[in-house]
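Here are my notes on this one, written for someone opening it for the first time. Have it on screen as you read.

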Amino acid sequence: MKKIFLLAVLAGGLAFGQSKKVVASDVHWWGYKVAKSEASSHDGTVKVKSGDMIMKGNQLVGGSFTLDMTSINSTDLTGEYQGKLNGHLKNGDFFEVEKFPTATFKITSVKKNNDKIYSSLVTGSLTVKGKTNEVSFPAKISYSKGVVSLVSNKFSFDRQKFDVAYKSTMQDVFVKDEIDMLVKVTAK
C-alpha cells in the first residue's frame, strides 16, 4: 500500500509540475515624463518578496511572484531628491503602499516567441492596487541542474489600467502612461 501511495505522489508531481522557489531576483523599472527619453525618465528597483516557478520537465509552465511595493526605490537620484521621489511613488499619488504593500504576477501561459534570444513569450495576470490585467513579455528561460532562470527583455505596461495615476492638479499631463520593466528571476 505504501508503494502505491508513493508512486501516486511521484506521478502527481510529474503530471502537475515541480515547484521551484525564487532564490534571487532583480526587477528594474523606468517611468517617463512628458517625452519618453533617457533625459526625462526616472528608474529604479523593486524587490521580489516571494515567488515560485512551476516546471514540467524542462519547460516553465507556471508560477507566481509577489513584489514588495514598499521596497520601490529610485536609483537615478540620490539624497534629498531620491527621498522625495521614493515618498511620492509610495504615497497616494502613485502606488499607495500603505494600503497596497504588494503586487503580484501569476504566469498563465508560456509560449514560443520568434526571437533568437528571448525565445519565450510569458503571459500572466498582473495585480497592482487591487486591479488585475494581463501582461505579456518576451523572455529567455533556461533550466539546468534544478535551477530555472527567467530573464525578460525590456517590456511596457499601461499604469493607468492599475489606477497608478498621478493625483495632482495637472493629472497625468507630465507623466507617460507606460512603465517599462526588466525582470530577472532565479529559482531552485
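1. A word on terms before we start: contact, or packing, means heavy atoms within 4.5 Å. Helices (H or I, at least four residues) and strands (E, at least two) are DSSP runs, numbered from the N terminus. Keep in mind that this is a predicted model, where local features need pLDDT of at least 70, side-chain atom pairs count only at pLDDT 80 or more, and totals for chains, interfaces and linings use all residues. Residues are numbered from 1 along each chain as its sequence is written, and side-chain values use heavy atoms, with hydrogens and water left out.

2. Start with the overall layout. The protein has 2 helices and 9 strands, and from the N terminus on they run α-β-β-β-α-β-β-β-β-β-β. Of the contacts with a separation of 6 or more, 57% are between residues 24 or more positions apart.

3. Next, what's inside and what's outside? Of the 188 residues, 39% count as buried, where buried means under 20% relative accessible area, exposed over 50%, and partly exposed in between (1.4 Å probe, protein chains only). The protein exposes about 11000 Å² (Shrake-Rupley method, 1.4 Å probe), and carbon and sulfur atoms supply 56% of that area.

4. Now have a look at helix 2, residues 79-90. Its 12 residues reach 17 Å from first C-alpha to last, close to the 16 Å expected at 1.5 Å a residue (that is, 1.5 Å times one less than the number of residues). Its buried residues are Q82, L85, N86 and L89. Seen down the axis, they fall within an arc of 100° (taken from the directions from the helix axis to the C-beta atoms), so they line one face of helix 2. An α-helix has 3.6 residues a turn, so residues three or four places apart point the same way.

5. What do the buried residues of helix 2 pack against? They pack against strand 1 (18-33), strand 2 (41-56) and strand 3 (59-74). The face turned away from the buried side carries the exposed residues E80 and K84.

6. The largest nonpolar core (buried Ala, Val, Leu, Ile, Met, Phe, Trp, Tyr and Cys joined through side-chain atoms within 4.5 Å) has 38 residues. Those with the most contacts inside it are M53, M69, F95, F105, L150 and F157. Strand 9 (residues 175-187) gives the most to this core, with 6 residues. Among the residues F157 touches are L126, V135, F162 and I179.

7. Finally, S120 lies in strand 5 (residues 120-128). S120 counts as buried because its relative accessibility is 14%. Its contacts include V110, F137 and I141.
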